Amino acid sequence: MDILLSVKSKYLKRIYDGTKCIEIRKQVPRKLNRGDIIWFYESGKGAVTGLARFYDYKVVSPNEALELYREQMDVTDTEFWNYVGDTTEIVLLGFTFVSYMDKGLPLSDFGLKRAPQSYCYIDD
């Protein structure tokens, strides 16, 4: 089952540039399987602007994430801790084969009227 992730423009730029290959989340998308598609909803543009192939996730402590995956997350310490807060476990979503679309797709193409706060599942 595919997933639609809401991601801020500044982080999507890093994903599309290839410097960020791990997305940080507080919840595990349980229905996501290897090979499923992650669609990126760019909150700054109000459209789906790209996609990638999901390959795996890890549930780790914030300190472990910084120690082992800092470079792949491509976030500053301030960005990281502002998002993570006092959460004791976070989810690291790994993806490959990122593709950017110059012309974004509207949410209506996915049967949605509004963007998900974090993510939602999309029927494939």
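**Entry 1. The sheet.** I count two strands as paired if DSSP finds at least two bridges between them. The model I am reading is a predicted one. With that rule I looked up the sheet and found six strands in an open arrangement, ordered E2-E5-E4-E3-E1-E6, with mixed pairing. I then asked which strands stand at the edges. They are E2, residues 22-25, and E6, residues 119-122; each has a single partner strand, so one side of each is left without a neighbour in the sheet. I also noted the twist: neighbouring strands of this sheet are turned by 35 degrees against each other on average, direction ignored.

**Entry 2. Strand E3.** I went to E3 next and asked how many of its residues are buried. The count is six of six, and I wrote the strand down as mostly covered. I checked the two faces separately. Ile37, Trp39 and Tyr41 are buried on one side, and Ile38, Phe40 and Glu42 are buried on the other.

I then looked up the pairing of E3. Strand E1 runs parallel to E3, and five bridges join the two. In this pairing Ser6 stands opposite Tyr41 of E3. Strand E4 runs antiparallel to E3, with six bridges between them. Here I found Glu42 opposite Ala47 of E4. E3 and E4 form a hairpin with four residues between them. In the turn, Gly46 has a positive phi of about 70 degrees.

**Entry 3. E4 and E5.** I followed E4 to its other pairing. E4 covers residues 47-60 and E5 residues 90-105; 10 bridges join them, and they run antiparallel. One facing pair I noted is Leu51 opposite Ser99 of E5. I also looked at what lies across this part of the sheet. Helix H2, residues 62-73, lies across E2, E4 and E5, and runs at about 35 degrees to E5.

**Entry 4. Val91.** I picked one residue of strand E5, Val91, and asked whether it is buried or exposed. Its relative accessibility is 2%, so Val91 counts as buried. I listed what Val91 touches, leaving out residues up to four places away in sequence. The list is Glu23, Ile24, Arg25, Lys26, Gln27, Val28, Tyr57, Lys58 and Val59. I also took a distance from Val91 to Ala65: the two are 26 residues apart in sequence and 9.1 Å apart in space, C-alpha to C-alpha.

**Entry 5. Helix H1.** I asked which residues of H1, residues 9-17, are buried. They are Tyr11, Leu12, Arg14 and Ile15. These residues cover an arc of only 155 degrees around the axis, which puts them on the same side of H1. I then looked up their packing partners: strands E1, E2, E3, E4 and E5, and helix H3, residues 77-84. Just after H1 comes Gly18, with a positive phi of about 90 degrees.

**Entry 6. Rings and charges.** I counted the aromatic pairs, and the structure holds six. One of them is formed by Tyr119 and Tyr121, which meet edge-to-face at 5.7 Å centre to centre, with 80 degrees between the planes. I compared the exposure of these two residues with the cut-off, since buried means under 20% relative accessible area. Tyr119 has 18% relative accessibility and therefore counts as buried. Tyr121 has 26% and therefore counts as partly exposed. Elsewhere I noted a cluster in which ring pairs link Tyr16, Phe40, Phe95 and Tyr100.

I also looked for charges over rings. The charged end of Lys31 sits over the ring of Tyr121, 5.1 Å from its centre. Lys26 lies over the face of Tyr83, 4.9 Å from the ring centre.

**Entry 7. Positive phi outside glycine.** I closed with two residues. Asp74 has a phi near 50 degrees, a positive value in a residue other than glycine. Asp74 is found in the loop between H2 and H3, and at 24% relative accessibility it counts as partly exposed. Phe97 also is not a glycine and has a positive phi of about 50 degrees. Phe97 lies in strand E5. I asked how Phe97 counts for burial. At 69% relative accessibility, Phe97 counts as exposed.

Key
Residues numbered from 1 in each chain as written. Predicted model: local features only at pLDDT ≥ 70, side-chain atom pairs only at ≥ 80, totals over all residues. Heavy atoms only, no water. Axes fitted to C-alpha atoms, helices over the stretch in contact; angles between N-to-C directions. Contact = heavy atoms within 4.5 Å. Phe/Tyr/Trp six-rings, centres within 6.5 Å; stacked < 30°, edge-to-face > 60°. Buried < 20%, exposed > 50% of the residue type's maximum accessible area, 1.4 Å probe, protein only. Lys NZ or Arg CZ within 6 Å of the ring centre and 35° of its normal. Arc of directions from axis to C-beta.
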